[in-house]
Amino acid sequence: MADMDETSAAEKAERPAAYWLDRIKNYQSAFDAWQDSCRRVDDLYTRRTRSDRADREYAIFWANIEVLKPASYARPPVPVVVPRFKDNDDVAREASEMLERSCVVTFEQADIDGVMLRVRDDFLLYGRGTAWVRSEGDALAYDYVNY
């Protein structure tokens, strides 16, 4: 990976796709062990392959995950927008209220709670939960990214 960081700017400009393909290959090899661990957790959690001993481990594992779920994320975020300065500026107060209402509607329409619940579950099961925010025309879209 050190040789990738030492790649000159001229080389990157000559072959931009090759540079990024090398970076992707490095990522894949670095995270192979983590992916294998995720697959083992997935197999245990979905009851694909289990013995009697694994059933006991599953019960404890499942109970721990279920207890941690509400502790790590229980409800959707509530946007709060307030004017920075408290100087009775009616325009600032109205603008803040409009922005806050806009955020509430955007969160509801984009189902940010559903995305965050799946991110939370991945975080608890695999140690990493990922979501992406992207622009979709005039609105934002929130996407869950599987491990």
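Which residues does Ser96 touch, not counting residues up to four places away in sequence? In this predicted model, Ser96 touches Val81, Val82 and Pro83 once those neighbours in sequence are set aside. Ser96 itself lies in helix α6. Its relative accessible area is 7%, and Ser96 is therefore classed as buried, since the cut-off for that class is under 20%.

The aromatic residues were examined next. A search of the whole structure gave six aromatic pairs. One of them joins Tyr19 and Trp20 in an edge-to-face arrangement, with 5.0 Å from centre to centre and 80° between the planes. The two partners fall into opposite classes of accessibility. Tyr19 has a relative accessibility of 11% and so counts as buried, whereas Trp20, at 55%, counts as exposed because the exposed class begins over 50%.

A further edge-to-face pair is formed by Phe107 and Tyr142, whose ring centres lie 6.2 Å apart and whose planes meet at 85°. This pair links distant parts of the chain, as its members are 35 residues apart. Phe107 belongs to helix α6, which covers residues 90-109, and Tyr142 belongs to strand β2, which covers residues 139-145. Helix α6 is also the helix that holds Ser96. Tyr142 has a relative accessibility of 15% and therefore counts as buried.

Ring pairs also connect several residues into a cluster, made up of Tyr27, Phe31, Trp34, Tyr126 and Tyr147. Tyr126 takes part in a contact of another kind as well. Its side chain makes a polar contact with the side chain of Asp42, at 3.1 Å. Asp42 is found in helix α4, which spans residues 32-45. With a relative accessible area of 18%, Asp42 is under the 20% cut-off and is therefore buried. The side chain of this buried acidic residue thus has a polar partner in Tyr126, a member of the ring cluster.

The cysteines were considered last. A search of the whole structure found zero disulfides. Cys38 and Cys103 fall into separate classes of accessibility. Cys38 has a relative accessibility of 2% and so counts as buried. Cys103, at 28%, counts as partly exposed, because this value lies between the 20% and 50% cut-offs.

Definitions and conventions. Residues are numbered from 1 along each chain as its sequence is written. This is a predicted model: local features need pLDDT of at least 70, side-chain atom pairs count only at pLDDT 80 or more; totals for chains, interfaces and linings use all residues. Side-chain values use heavy atoms; hydrogens and water are left out. Rings of Phe, Tyr and Trp (its six-membered ring) pair if their centres lie within 6.5 Å; planes under 30 degrees apart count as stacked, over 60 as edge-to-face and the rest as tilted. Buried means under 20% relative accessible area, exposed over 50%, partly exposed in between (1.4 Å probe, protein chains only). Helices (H or I, at least four residues) and strands (E, at least two) are DSSP runs, numbered from the N terminus. A disulfide is a pair of cysteine sulfur atoms within 2.5 Å. Contact means heavy atoms within 4.5 Å. A polar contact is a pair of N or O atoms within 3.5 Å; within protein, one must be able to donate a hydrogen and the other to accept it, and residues adjacent in sequence count only if both atoms are side-chain atoms.
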